[in-house]
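This report describes one protein chain, from its overall build to the details of its strands and loops. The sequence and the structure come first, and the description follows.

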Amino acid sequence: MLIDLHNHTLHLSTDSGLTLDELLARAKERGLDGVCLTEHNAVWQNTARLEAAGQRHGLAVFRGMEVNTQYGHVLVYGVRAFRNSMFNFDELCRVVESEGGVMVLAHPQWVGVGRPPTMDIIANHFHGIEVLNGEVSNDANGYVESMAVSLGKFGTGGSDSHSIGAVGKCATLFQNPVRNEEEMVKEMRVGRVTAVRLAPSSNGLKSLNGNNSLPH
Ligand SMILES: [Zn+2]
Ligand SMILES: [Zn+2]
């Protein structure tokens, strides 16, 4: 099951120009099975709206969040709501643990705020690393992939879409189908996921490493 784990819409992220419907329509065209909304410092609360939109477009819609911390941007999944105290990395870690969520270091090549986390912090506090980000070049991603391997972390892929053209550049292949956020988080926590970069073709399901028949 192919899920894009990093997307922003204009409804909750002020730097995005993408509506929920535009995102889902384009994700469907690109051959994705699901998208996860990771708004900046906000978790979607209107789950009925997301469910209805998912049904309209024939896609699974999940919720996560991208939090600004003193160690840059952190993607979290399985956390119910944002609180200002989460700008503090230690507090964010505490909430993620207490809610049974999962924590992924976003685009390690580019630290949007604060300073980069040390290798010790990454090793001790993150479950996974976003090894493929649609807004970051291939070469830089190669370094991050080897860092994830050496630290024993799973890698995720996400488009980091803020506009239609960015949707479906990268995604995460889940070995098992997931029906809800709880199952998504569970599969991530045990690392049964692989990052995938999608070819810039209209049908989407052709990765650059030559595997052009990706399972769903
Ligand atoms: Zn970011
Ligand atoms: Zn982002």
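## Overall build

Of the 216 residues of the protein, 44% count as buried. The model is a predicted one, and its pLDDT averages 92, with 91% of the residues scoring at least 70. An exception is the stretch of residues 203–216, over which the pLDDT is below 50, although this stretch has 26 contacts in the model beyond near neighbours in sequence. Where pLDDT is low, the predicted coordinates should not be read in detail.

The protein contains six helices and nine strands. Its radius of gyration is 16 Å, close to the 17 Å that the globule rule gives for 216 residues, so the protein is as compact as a globular protein of that length. Taken along the principal axes, the box filled by the C-alpha atoms is roughly 40 × 40 × 30 Å. Among the contacts with a separation of 6 or more, 67% are between residues 24 or more positions apart.

## The sheet

The nine strands make an open sheet with mixed pairing, in the order S7-S6-S5-S4-S3-S2-S1-S8-S9. Its edge strands are S7 and S9 (193–197), each of which pairs on one side only. From one strand to the next, the twist averages 35°.

Towards the S7 edge, S6 (residues 128–133) and S7 run parallel and are joined by five bridges. One residue pair in this register is asparagine 133 with its bridge partner in S7, glycine 158.

## Strand S4 and its neighbours

How many of the residues of strand S4 (residues 72–77) are buried? Six of the six are buried, so S4 is largely enclosed by the rest of the structure. On one side S4 is joined to S3 (residues 60–69) by six bridges, and the two strands run antiparallel. S3 and S4 form a hairpin with two residues between them, and threonine 69 has glycine 72 in S4 as its bridge partner.

S4 is also joined to S5 (residues 102–105), again in an antiparallel arrangement, by four bridges. Within this pairing, valine 74 stands opposite leucine 105 in S5.

## Strand S1, helix H1 and the crossover

S1 is mostly covered, with six of its six residues buried. Its pairing with S8 is antiparallel and extends over two bridges, with isoleucine 3 opposite threonine 172 in S8. Its pairing with S2, by contrast, is parallel and extends over three bridges, and here asparagine 7 has leucine 37 in S2 as its bridge partner. The chain passes from S1 through H1 to S2, a β-α-β crossover that is right-handed.

In H1 (residues 20–29), the residues Leu20, Leu23, Leu24, Arg26 and Ala27 are buried. An α-helix has 3.6 residues a turn, so residues three or four places apart point the same way. The buried residues of H1 pack against S1 (2–7), S2 (34–37) and H2 (47–57), and the contacts of the helix therefore include both strands of the crossover. Just after H1, glycine 31 takes a positive phi of about 90°.

## Positive phi outside glycine

Most residues other than glycine have a negative phi, and most peptide bonds are trans. Two residues of other types call for a closer look in this respect. Asparagine 41, which is not a glycine, has a positive phi of about 50°, and this residue is found in the loop between S2 and H2. Aspartate 160, likewise not a glycine, has a positive phi of about 60° and lies in the loop between S7 (154–158) and S8 (170–174).

Which of the terms buried, partly exposed or exposed applies to aspartate 160? Aspartate 160 is buried, because 26 other C-beta atoms lie within 10 Å, where 20 or more are required. Asparagine 41, with 17 other C-beta atoms within 10 Å, is partly exposed.

Note on methods. Residues numbered from 1 in each chain as written. Chains lettered and ligands numbered in written order. Predicted model: local features only at pLDDT ≥ 70, side-chain atom pairs only at ≥ 80, totals over all residues. Buried ≥ 20, exposed ≤ 12 C-beta atoms within 10 Å, placed from the backbone. Contact = placed C-beta atoms within 7 Å. Rg over C-alpha atoms; globule rule 2.2 N^0.38 Å. Pairing = 2+ DSSP bridges. Axes fitted to C-alpha atoms, helices over the stretch in contact; angles between N-to-C directions. pLDDT = per-residue confidence, 0-100. Right-handed = clockwise from strand over helix to strand, strands pointing away.
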